[in-house]
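Subject: Handing over the two-chain model

Hello,

Here is the structure I promised you. Please open it and keep it on screen while you read.

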Amino acid sequence: MSWTDQLCVRSVLCMALATRTDRRPSFARTVWDSTVGKKTVMAVSGLIMLLYLVVHMIGNLKIFFGAGEFDHYAHWLRTVGEPFMHYEWTLWLVRVVLVAAVVAHAVSAYQLSRRDIRARPGKYAHRKARASYATRTMRWGGIILGLFIVWHILDLTTGTVHPGFRHGHPYRNVVDTFSTWYGNVVYIVAMLALGLHVRHGFWSAAQTLGVGSRTRDRALKTLANVLALLLTVGFIAVPVAVMTGVVS
Amino acid sequence: MKLTLRVWRQRNADADGTMSTYEVDGISPDMSFLEMLDTLNEELIVKGEDPVAFDHDCREGICGACSLVINGDAHGPERTTTCQLHMRSFKDGDTIDVEPWRASAFPVIKDLVVDRSAFDRIIQAGGYITAPTGAAPEAHATPVPKPDADLAFEHAECIGCGACVAACPNGAAMLFTSAKINHLNVLPQGAPERETRVLDMVEQMDEEGFGGCTLAGECATACPKGIPLMSITSMNKEWLRAARKVKR
């Protein structure tokens with residue numbers, strides 16, 4: 001408390017001056033130090049990842065048009081923006097943005113969760129199942145998705161955990177992954193978790209960013225459900241197609 | 001009506017509490033929940049035992065003093081305050097669990113009484129206008145559009161009971177804080193401190209150790225005054241606007 005504030009506390013007449021007069025921290029500092037601000041970081045980073053996922057899902061569907069088209073598309077991803085961008089520059093730019101989004105999202109989630117758990121240490125003796133399944137599984141769902149991303153990159157980008165991985169032959173590698181039972185299980189579980197995560201996450205992001213309203217609520221909830229369903233179905237279509245022999 | 005009560009008993013703030021079982025007989029369905037507890041306490045006093053401590057004041061649903069989590073619901077099964085909850089909402093022979101609000105920011109003082117002074121400090125951070133108003137001004141001196149007046153009133157209905165915190169899985173005070181901010185921020189009288197109010201009150205809310213919002217919606221379901229969940233969306237919008245706008 002500054003000396004002016006201390007003076008004010010003693011005087012009722014001074015009430016009008018008892019507002020903060022100290023310098024406020026920067027915008028970034030204000031955002032990062034506040035629960036409301038940190039949720040904004042989660043909302044923005046979440047929306048960046050969501051946008052990427054929609055593009056990624058549409059790209060994946062090229063697998064239904066044969067190895068030629070799929071591999072050609074994969075190669076094109078490295079030459080996007082040429083001649084302005086050098087080979088793979090755009091790809092790396094996207095990767096950098098995505099890593100930043102994942103880190104910001106995860107760090108905020110971790111810090112907010114720690115705070116939430118501290119704020120509510122004791123459980124009620126009489127417990128009820130309440131909020132929707134999607135809402136209650138946000139934290140575990142997020143952890144599952146985080147682990148999945150690591151596995152997914154090691155499996156289909158670097159090939160580290162992928163025996164017989166061949167660089168430059170994504171079609172072959174994808175079919176290879178989904179020819180193993182664990183490849184399918186890991187992928188499908190993760191995509192179901194993704195659907196649930198997006199279902200609550202998209203609508204929540206709208207509320208956090210203050211764009212939700214009574215008149216828009218139904219539209220936002222519908223959009224969240226449609227996005228969740230499209231992403232889950234679109235992504236799961238690939239392993240199902242490999243399993244059923246539609247893609248081989 | 002004959003009922004079995006399982007009530008949280010805790011000698012003081014530092015003691016460990018437990019759920020204790022009591023039988024009460026001769027309860028009329030027309031009694032309020034608090035009158036039922038009065039009956040129990042009279043019996044306990046006659047027996048020479050320590051009566052159950054609980055908060056109450058107006059007993060007409062407008063002061064916000066009464067609390068209690070009844071069978072896992074803040075203020076019990078009806079959308080009203082505990083004092084306005086009648087025993088006809090229960091059946092003869094029921095077992096009823098009665099617990100205090102549970103949140104780190106609301107420490108138990110004794111039995112079912114918690115310290116809600118954290119709310120007072122949030123109000124002190126900005127839940128007022130600084131203009132010296134003197135006597136009640138002429139009502140038409142400051143024109144307020146009807147929709148704004150209605151919106152302000154909807155938020156002003158908050159009685160600060162803390163049911164939102166008690167119901168929130170994260171022990172968050174977002175609904176209370178948002179109701180108090182929006183109530184003043186939509187009115188011309190609240191306009192001069194529109195930005196500092198939201199920044200300071202949210203900062204105080206965080207300082208008190210409340211959790212963050214995960215949009216589970218439990219608060220709005222529990223609120224005896226029907227403060228809508230969208231109140232939090234409006235606060236987020238106000239906060240983001242203020243964080244960008246306030247001069248540094």
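Below is what I found, topic by topic.

Please note that this is a predicted model.

**The sheet in chain B**

Five strands of chain B form an open sheet. Their order is β2-β1-β5-β3-β4, and the pairing is mixed. Here is how the pairs work out.

- β1 (residues 3-9) and β5 of chain B run parallel, joined by 4 bridges. Within this pair, B:L5 has B:I96 as its bridge partner.
- β1(B) and β2(B) run antiparallel, with 7 bridges between them. Here B:L3 is partnered by B:V24.
- β3 (residues 69-70) of chain B pairs with β5(B) in the antiparallel sense, over 2 bridges. B:V69 stands opposite B:E99 there.

As background, strands of a sheet pair through backbone hydrogen bonds, either parallel or antiparallel.

Which strands stand at the edges? They are β2 (18-24) and β4 (73-74) of chain B. Each has a single partner strand, so one side of each is left without a neighbour in the sheet. Now look at β5(B), residues 95-99. This strand is mostly covered, with 4 of its 5 residues buried.

**The nonpolar cores**

The largest nonpolar core has 85 residues. B:F119, B:F210 and B:W239 touch the most other members. Which element gives this core its largest share? That is helix α10 of chain A (residues 217-243), with 10 residues.

Click on B:F119 next. Leaving aside neighbours within four places in sequence, B:F119 is in contact with several residues, including B:F106, B:C161, B:V165, B:F176 and B:F210. The contacts of B:F119 also include two glycines, B:G160 and B:G162.

There is also a second, separate core, of 27 residues. Among them are B:W8, B:M36, B:C83 and B:L85.

**The cysteines**

How many disulfides does the structure hold? The count is 0 over all chains. A disulfide is a covalent bond between the sulfur atoms of two cysteines. Two cases are worth a look.

Start with B:C63, whose nearest cysteine sulfur belongs to B:C58, 3.5 Å away. The cut-off for a disulfide is 2.5 Å. B:C63 is in no disulfide. This residue is partly exposed, with a relative accessible area of 31%.

Then take B:C161, one of the contacts of B:F119. B:C161 is in no disulfide either, and the nearest cysteine sulfur, that of B:C223, is 6.4 Å away. Is B:C161 buried or exposed? At 5% relative accessibility, B:C161 counts as buried.

**Chain A and its annotated segments**

The unreviewed UniProt entry annotates "transmembrane region" in chain A at residues 41-59, 92-112, 133-154, 181-202 and 223-247. I looked at two of these in the model.

- Residues 92-112 of chain A are 100% helix and 0% strand, with end C-alpha atoms 30 Å apart.
- Residues 223-247 of chain A are 84% helix and 0% strand, and the end C-alpha atoms are again 30 Å apart.

**Where the chains meet**

In the contact between the chains, 47 residues of chain A meet 52 residues of chain B. Together the two chains bury about 3,900 Å² between them. Of that area, 54% lies on carbon and sulfur atoms. Which three residues supply more of chain A's buried area against chain B than any other three? They are A:R24, A:V36 and A:Y124, which supply 18% of it.

Best wishes

Key: Residues numbered from 1 in each chain as written. Chains lettered and ligands numbered in written order. Predicted model: local features only at pLDDT ≥ 70, side-chain atom pairs only at ≥ 80, totals over all residues. Heavy atoms only, no water. Buried < 20%, exposed > 50% of the residue type's maximum accessible area, 1.4 Å probe, protein only. Pairing = 2+ DSSP bridges. UniProt positions renumbered as here; feature names shortened; annotations may be inferred. Core = buried A, V, L, I, M, F, W, Y, C linked by side-chain atoms within 4.5 Å. Contact = heavy atoms within 4.5 Å. Buried area = accessible area lost by both parts, 1.4 Å probe.
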